[in-house]
Amino acid sequence: MNNRKKTGLLTGGGILFAVCFLLMLYFGKETFYVEGTEQNSPSYDSHIVLLTEETGNEYWQMIEQSAKQTASNHDIYLESIGPKKADPDEVLRTMDQMIAADVDGIITQGLPGPRFRDLVAKAEENGIPVLTVDSDMPDSERRAYIGTDNYNSGKLAGEELLRATEGDQHVGIITGNLESLNQQERIEGFEAAVENVERVDVVDIRESNITEVGAAQAAYSMMKQHSNINALFGTSALDGIGMVQGVEDITVWERPYMIAFDILPETLTLLEEEKIDATIAQYPEKMGEKAVKTMIELLETGYVAPRQHTETDVIRQGDTTS
Ligand code: BGC
């Protein structure tokens, strides 16, 4: 090959290489560059996870909204995760994944059973503090519980029944789920309030699986089986609403005395319509806010008070219409 040919080939090759290189740069950028990912991605001080019992549940949505608001006010990324319908196994699996993802802190409902306890211990070993919200698990290594004093809230319900009724009261209790500590404590508190009062007895306790339909069925079947039931107590947020439906499906001379739990909008409407007599208010927004603030304090100082109760009140007919 003579010199001219060689030079021509080298020049051609060089031009081809330069063109390919420029094309690669251009198309590479077009293909892989995602606008704003680097410059615009917000940087947060910490990443906290809130594990909720049910994403479709208005009560949990209130906890979530206030937790998110509080977190964003403090430059914290709060990720809220939960099953659409209550599923403790799924919550436990997610908790394990969050530990593996090395988040900065976990806020969760306390769950019954050894697996939860083990996961809290695992989180601690990995330097991830856990707070319980709404329902506690005191014999775990959780750092603190934020929420209602559930035993006292059940007691409040029992005392209200004693105050508002006369004569024999045969009570049917509808509870979200007999495994949950918060439900157990509410029942225990209620029973303690009425235990020395002869005119009151608890006839039956049934689960609603924290659904309205479940509560309606439980109220209906309980009243069919025990015709003497003349008072109902619902211990979780949708139980009162379901109880009303169950009672409406039965022909009774006089509707039972009914005391519900929580102040979801529908429950307040039922109070105004005089379809229930009272409800025990707890404040999920306060729980969400307080849980995040407590987590921030914990991450900053390493210690927080282990029991932080949010308020409860009795709300009666007439209280909502002023
Ligand atoms: C309880 C929650 C429960 C919710 C169900 C509330 O009263 O505190 O634990 O998830 O009711 O609707």
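This is a short tour of the structure above, stop by stop.

Before you click anything, know that this is a predicted model, where local features need pLDDT of at least 70, side-chain atom pairs count only at pLDDT 80 or more, and totals for chains, interfaces and linings use all residues. Residues are numbered from 1 along each chain as its sequence is written, and side-chain values use heavy atoms, with hydrogens and water left out.

**Stop 1: the ligand**

Select the ligand and show what is around it. You'll find 14 residues surrounding the ligand, and the closest are Glu53, Trp60, Asp134, Arg186 and Asp262. To be near, a residue needs one of its heavy atoms within 4 Å of the molecule.

Now zoom in on the ligand's oxygen atoms. Glu53 puts a polar side-chain atom 2.4 Å from an oxygen atom of the ligand. Trp60 has a polar side-chain atom 2.9 Å from a ligand oxygen atom. With Ala237, look at the backbone instead: one of its N or O atoms lies 2.9 Å from an oxygen atom of the ligand.

How much of the ligand's accessible area does the protein cover? The protein covers 99% of the 310 Å² that the ligand has on its own (accessible areas come from the Shrake-Rupley method with a 1.4 Å probe).

Color by secondary structure next. Helix H3 (58–73) and helix H7 (181–194) are the elements that give two or more residues to the shell around the ligand. Helices here are DSSP runs of H or I with at least four residues, strands are E runs with at least two, and both are numbered from the N terminus.

**Stop 2: strand S7 and the loop after it**

Go to Asp204 in strand S7 (residues 200–207). Is Asp204 buried or exposed? Asp204 counts as buried because its relative accessibility is 16%; buried means under 20% relative accessible area, exposed over 50%, and partly exposed in between, using a 1.4 Å probe and protein chains only. Show side chains too: the one on Asp204 makes a polar contact with the side chain of Arg206 at 2.9 Å. Such a contact is a pair of N or O atoms within 3.5 Å; within protein, one must be able to donate a hydrogen and the other to accept it, and residues adjacent in sequence count only if both atoms are side-chain atoms.

Slide along to Asn209, in the loop between S7 and helix H8 (212–225). Most residues other than glycine have a negative phi. Asn209 is not a glycine, yet its phi is positive, about 55°. Ile210 lies in the loop between S7 and H8 as well, with a positive phi of about 45° although it isn't a glycine. Check the surface: Asn209 is exposed at 52% relative accessibility, whereas Ile210 is buried at 9%.

**Stop 3: three buried residues**

Pick Pro83, in the loop between strand S2 (76–81) and helix H4 (88–100). At 3% relative accessibility, Pro83 is buried. Try a distance from Pro83 to Thr94: eleven residues apart in sequence, their C-alpha atoms are 9.5 Å apart in space.

Jump to Val304, in the loop between helix H11 (284–301) and strand S11 (307–310). Val304 is buried too, at 4%. Its C-alpha is 7.0 Å from that of Ala144, though the two residues are 160 apart along the chain.

Finish at Ile315 in strand S12 (residues 312–316), which is buried with a relative accessible area of 16%. From Ile315, draw a line to Asp262: 53 residues apart in sequence, 9.2 Å apart from C-alpha to C-alpha. You met Asp262 at the first stop, among the closest residues to the ligand.
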